[in-house]
Amino acid sequence: MTLRNTYPRQVMGIINCTPDSFYTGVGRMPSEEELREEMQRAIDEGADQLDLGGYSTRPQAPEVSEGEEWRRLKLGLQVAVELCRELEHPPMLSVDTFRYEVAKSAIEQFGVGMINDVTGGQYDERMYDLVAKTGVQYVLMHMRGTPQTMTSLTDYDDVVEEVGAWLEERVVRAESYGVRREQLLLDPGFGFAKNLEQEYRLVHELARVAAFGLPLLVGISRKSMLTRPLGIEKRDALPATTALHWELLRQGASVLRVHDVAAARQVVDLYNLYEKTALTR
């Protein structure tokens, strides 16, 4: 089933302002120059958004204080704003946080246009009020528990139905705070409180979630759902990521959140051409 989606297909580049990214795992904070180079590369390769995170949400990631999260993000946002100031068509800046005060500071001090909340507002429902009042876009993701506990919370009767129902409930809750539907994107939360079989069930039936009519953001880039069944390392998972990106677009996904912007840009552009050709037959 191929869905026609009115939301433009886009690529979100991941910018980790942390010392413990699940992908790079460098063990130290990236320098200002490294952040600038990473962002410039993502922009040059065609990123529509840059998603900056100061708190790793990989499974078993250590807790990070709100102050430390903001300290990390502030440096990244300063670099991003400087870069974008010079561009005629800059990417939208997004902040990957579930903390109200961090999101509020990012919006007020740096003009961030999107908040990417892995808890979907569960951690702090004041996030809905902030989104409603500022008019920013809001990514509402499905998740159970915390990064420290989520791997044990995978008891579903029907993962697609339950994820969809949870997202729908959260949309209604956000709307009760005044958030408009056009501000919302939904994320089924690949890698968050799902086992391997459940994640592929979500891929196979993602169109059921897309049927809600809200744009879907998906993040599967180099994740263990690709590396574990193939017995490969994260550094070798770009072909697998690219293959699954095509299917996710076919199932109705709108935004690909990725480490490798150039490859994802090619998939999106090629899929748009493929769909255009199919529709004009």
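1. Lys133 and Asp129 are 4 residues apart in helix α4 (residues 126–134), so about one helical turn separates them. Their side chains meet in a salt bridge, at 3.1 Å from N to O. The model in which this pair is found is a predicted one. Lys133 has a relative accessible area of 66% and is therefore exposed. Asp129, with a relative accessible area of 27%, is partly exposed.

2. Some other charged residues form a network. Salt bridges with shared partners join Glu32, Glu33, Arg36 and Glu82 into one network. Within this group, Glu82 forms a salt bridge with Arg36, and the closest N and O atoms are 3.3 Å apart. The pair links distant parts of the chain, since Glu82 is in helix α2 (residues 66–85) and Arg36 in helix α1 (residues 32–44), 46 residues apart. Glu82 has 37% relative accessibility and so counts as partly exposed. Arg36 also counts as partly exposed, because its relative accessibility is 23%.

3. The structure holds 25 salt bridges. One of them is formed by the side chains of Glu275 and Arg9, at 3.1 Å from N to O. Glu275 lies in helix α10 and Arg9 in the segment before β1 (10–16), so the salt bridge ties together parts that are 266 residues apart in sequence. Is this pair buried or exposed? Both Glu275 and Arg9 are buried.

4. Next, the cavity. The structure holds 1 cavity of 30 Å³ or more. The volume of the largest cavity is about 40 Å³. Which elements give two or more residues to its lining? They are α9 (238–250) and α10 (261–279). Of the elements, α9 gives the most to this lining, with 4 residues.

5. The lining of the largest cavity consists of Ser221, Leu238, Thr241, Thr242, His245, Val258, His259, Asp260, Ala263 and Ala264. Sorted by class, the lining has 4 nonpolar, 5 polar and 1 charged residues. As general background, rolling a probe the size of a water molecule over the atoms shows where empty space is left.

6. Leu184 lies in strand β6 (residues 184–187). With a relative accessible area of 1%, Leu184 is buried. What is Leu184 in contact with, leaving aside its neighbours within four places in sequence? The contacts are Tyr138, Leu140, Val171, Val179, Leu214 and Pro215. Leu184 and Met114 are 70 residues apart in sequence, and their C-alpha atoms are 9.7 Å apart in space.

7. Helix α3 (residues 100–110) has buried residues at Tyr100, Val102, Ala103, Ser105, Ala106, Ile107 and Phe110. What do the buried residues of α3 pack against? They pack against α2, β3 (92–96), β4 (114–117) and α4. Just after α3 comes Gly111, which takes a positive phi of about 65°.

8. Two elements recur in these points. Helix α2 holds Glu82 of the salt bridge with Arg36, and α2 is also among the elements that the buried residues of α3 pack against. Helix α10 holds Glu275 of the salt bridge with Arg9, and α10 also gives two or more residues to the lining of the largest cavity.

Conventions: Residues numbered from 1 in each chain as written. Predicted model: local features only at pLDDT ≥ 70, side-chain atom pairs only at ≥ 80, totals over all residues. Heavy atoms only, no water. 1 Å grid on protein atoms, 1.4 Å probe; cavity = no way out; pocket = protein on both sides within 12 Å on 5 of 7 lines; lining within 4 Å. Points joined across faces, edges and corners; volume = space filled by probe spheres on them. Nonpolar A, V, L, I, M, F, W, Y, C, P; charged D, E, K, R; others polar. Salt bridge = Lys/Arg side-chain N within 4 Å of Asp/Glu carboxyl O. Buried < 20%, exposed > 50% of the residue type's maximum accessible area, 1.4 Å probe, protein only. Contact = heavy atoms within 4.5 Å.
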